[in-house]
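Reader: I would like a close look at a single part of this model. Please take one element, say what it pairs with and how covered it is, and then put it in the context of the rest.

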Amino acid sequence: MSKKISRRKFLVRGSLGTLGVLAVGTYLFRNPLRRTLIETIDATLPSYSGTGTEATLWFELTKENKVIFHSPKVEMGQGSFTSFAQMIAEELDVSLDQIVIQAAATETGIVDGLSTGGSLSIATFWKPLRELAATMREMLKMLAAQKLGVAANSLSTKDGIISGGGKTLTYAAVAEGVTEWPELDEVPEPRSSGFKHIGKPVQRVDLGPKVFGEPIFGMDAEIPGMLHAAIIRPSAIGAKLKSVDTETASKMPGVVQVVKMEEWVGIVAQSYPQALAAKMKMKVEWDIPKVWTNEDLQEILQVGKGDRLASQKEGDALDPASEDVMTMEFRSPIGAHAQLEPNAAVADYKDGKVTVILSTQVIGITQKMVADAMDLELENVNIVPTYLGGGFGRRLNTSHAIQACELSKAVGKPVKYVFTRKEEFQNDQFRPPTHHIMHGRLGEDGYLDSLEHHYASGDVSFNSVLLPNFLNNALGTDVGAIRGANIMYHKIPNYHTVQWHLTLPFATSWWRSLGLLANTFAVESFVDEMALKAKKDPVDFRLKRLDDSPNAKRIRKVIETAVEKSGYVDEVVDGRAMGLAASIDTGTPAAHVAEVSIKDGNIIVHKVTCAVDCGLAVNPDQVRAQCEGAIIMGMSGALYEKMELKDGALTPTIYGPYKMALMRHAPKEIDIHLVQGVDIPMPVGEPPMGPIGAAIGNAVRRLTGKRLTELPINLEKLEA
Amino acid sequence: MKISFILNGQPQTVDVDGNVPLLWVIRDMLDLKGTKFGCGKAACGACTIHVNDEAVRSCSYAAKYAEGQKITTIEGLGSESDPHPVQQAWMEEIVPQCGYCQPGFIMATAALLNKNPNPSDEEIDQNIVNVCRCATYYRMRKAIHRAAEIQNNA
Amino acid sequence: MKIRITYLTLLVLLVTGLSVASYPEEDFRLPEKQVPSTEEDSPDDESLIAFNKMMDVLTHQRCLNCHPSDNIPKQGEDSHPHRFDITRANASGAATNCNTCHQASNNDFSGVPGAPDWALAPHSMRWEGLSRVEIATSMMNRANNGNRSAEDIMHHLTEHELVLWAWEPGMDVAGNPRELPPVSKEDYIAAVKKWIELGAIIPQE
């Protein structure tokens, strides 16, 4: 399909569905956070002196022939900036070191209207970003043709240089003085093979800054003259501010102002330790309408309560009372994001305008939230995203930007508000706890005849800023909680999946892979148990019930690959057992074999073999990194992590008591196999997390003869 | 109070309440942002620096103790043109993902290799107890062994 | 002067005697139970009262947490294992040791406790799980206590800042004050001195 490109505004209508401007302008991204970067660029790359006032900006060309890409997606560790650079280099014919990637601010570029998340950055940018880069290349060639007086189609491009007719021009030289860009009749088709950069394991573009400690994170942001703030929020769920004695705190050294709002109290001081010290002296009383307990939660969180939302209904339903039906229950706890960079925001509210610098996955939504809360027009709110010190879904709600704005407005100066770790743990939007009931029946052939997954979960996409509830209702399910819940073995004659949506007293939301870890734990543990009951080979037991759909073929392939590469055997050898599990999430199937032993009552994961089909890997090394990270983070969730309710508050509030995987827990061997079943990039940040809990549990089942049914799994639960 | 110390090879004097954690002095007064605030409770290790070449968690280290000490932060460990063996190994193994915890890990590893040039896996487990949420531990272990190799061959 | 130097060396050994990573079980010997030299004197009661008062403190978790029997330091009022699986091997750890986090004084910002010479008691001085009599017996045994005389012990128990930290334990990680030992510092010091003065008589179980 041909896409028309308008000349006047240099607009490119790409499959992104947004309008982009190809601009050659000043490097206008001058927030103080980036000063190191800017100084470097200023020192080495004196820019063009264009106006740089374009509202939307994709690429900039500098005099030194570098390309700055203003990315609508943020970099939170997933490596997408690196892959973007590879995709741009491929089509724009520049070398990787000629590309600078910069998260776009609302004022300077296009920001993603929804979020960076869902493992979708590369998958969704695959086509439009390459089209955009190819468009820019062709436009440059057309300009060069005019300047060189040769035909555009006789020109070739390489490393940012256009050659033809024995002459060469750098892109920068081509663009010099250009005020109006030529028109392209069609968006050029990006290359589909013979890649120079795509598919290569190139180094991350952010490697240097991250290894040498450059100030690239929201936490590192500064605005000249800023003050520092701490905020008092309630610990207990549902607590309301009753009274606060600010007397002592206001007289503490460095305290500039104590700002009392309806629901919270801010302390603005010259330095952050001063704000913290004052916070410690503040006497606050809370109204706590109800002291929530773990028992309350157990009571709420049950299959059969809340709203029933069926997502799979194939064949007949089982009668659980029937003798040939096997039933098992599974549970997973509340999970915290626990990303290492606490939330923080620097806000500068001045003359009815506000700039906020922060780590966020939702730039556009944060802009709207701030505009609404501060009663400002959208264009008067500039959200400047930075590199994220971890996302994992935590930064899909960055409403603390509002508090920073309120404080800045109150004191008339820029204010940096930093969460304490306790605040971070207690104001998280948690991974919801879940309850699962599995029913299954074997057919006469000894393979699954019926499988049912009934699960209860708190909100993931429901009540989320990302997705209006009517959409959830239209989709018939909480699209986040459902991840991994549906049964993928479609050759089972009867299979049903039913979600019970529950309202919990605290906020729950996206956590890397959403429902996938817990759902796969329940489904794949149960399938494994049924295989044992059937006395069948666990591999064959699964493969037999996969149909011939394209996705099922890909699932089959990853299972076969993981089994083959791991040398999977269904027996305990030298005190070690292997556990197999598989899942498909956002179109990416993954299968893991975990090799496990038990030492001094602890589950030791020695090796994980992982086969994943994420299609074309733009950067295979970073795909592997995502798999390794997802496996160990998933292990952490499956073996150690758990939030609880104590004295009405979510607890623990610090690493350590919130136990997570450390170096010593990580498998010494992780063997990743990339199976390319499709020729486009598919999501990879989350899918490999799916099978890990079940894979470990399935191995433990073979070592102990017992089934662990509750995350985090540990052997104490077997003894209890 | 006035506190004088050597920071990354340069003499420094700051005037600050001596009980303030050195972390904030380094980050906000001396403007070196590579030392990270992760938990403020000495639990995550993101703020690890060296005091006389020993790993110290700066969020729990009162500024007054810095008096007369040799302090090293990630910025003083090495540079792109002259990376420390640990930084070199970290780049070779492409360890960082989000990157926030990495300076703390790199500082802890550098301290480990100062005293133990060839740590075993067990010694790594015992000594590197920082927290990485992206869970880059698998590559970190490889990078630590690689760093030992680079350092020992230097 | 020479005596003083020895005393200091011993003191340092007592609180930082960590150079030996592990101690074979057979090294740890409880001596024969000491029998009080005089049996009918009233000092006996006085000694017993002093002994119990001293032991109320020494058996408090403020003390026991760093005198573990299993090479794992403990934390908190509930004496849970030190977080992050810290063990005796970390006491001499190359990158993570006591002083990576614990400094010469409490840190109210982090809630990390601190005192001069913050360290784990050597394995020979393990008290966790021992009875009062067993603790006292071990404590007075030169084979276990770093070859200290009764007077050395008295100085350690009443003067060393790490011991006296028990009465200034600071705030915990949540910002709440840590529990104090059940006896005031003054009463404890008086009791230790009295007990040693009266012959350091260890009552029978």
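Author: A starting point is A:Asp245, which faces A:Lys283 across a strand pairing, the latter residue belonging to strand 13 of chain A. This is a predicted model, and what follows is computed from it. The pairing joins strand 10 of chain A to strand 13 of chain A, residues 283–287, in the antiparallel sense and over 5 bridges. In a regular strand, side chains alternate between the two faces of the sheet.

As for cover, strand 10 of chain A spans residues 240–245 and is hardly covered: of its 6 residues, the number that are buried is 0. To count as buried, a residue needs 20 or more other C-beta atoms within 10 Å of its own. For chain A as a whole, with its 720 residues, the buried share is 58%.

The strand sits in a chain with 18 helices and 28 strands. Among the contacts in chain A with a separation of 6 or more, 77% are between residues 24 or more positions apart.

Elsewhere in the model, chain B and chain C touch, through 22 residues from chain B and 19 residues from chain C. On the chain B side, at least two residues each come from strand 4 (54–57), helix 4 (102–115) and helix 5 (121–127). Helix 4 of chain B gives the most to that side, with 4 residues. By type, the chain B side of this contact consists of 14 nonpolar, 5 polar and 3 charged residues.

Technical notes: Residues are numbered from 1 along each chain as its sequence is written. Chains are lettered from A and ligands numbered from 1 in the order in which they are written. This is a predicted model: local features need pLDDT of at least 70, side-chain atom pairs count only at pLDDT 80 or more; totals for chains, interfaces and linings use all residues. A residue is buried if 20 or more other C-beta atoms lie within 10 Å of its own, exposed if 12 or fewer, and partly exposed in between; C-beta atoms are placed from the backbone. Two strands pair if DSSP finds at least two bridges between them. Two residues are in contact if their C-beta atoms, placed from the backbone, lie within 7 Å. Ala, Val, Leu, Ile, Met, Phe, Trp, Tyr, Cys and Pro count as nonpolar, Asp, Glu, Lys and Arg as charged, and the others, Gly among them, as polar.
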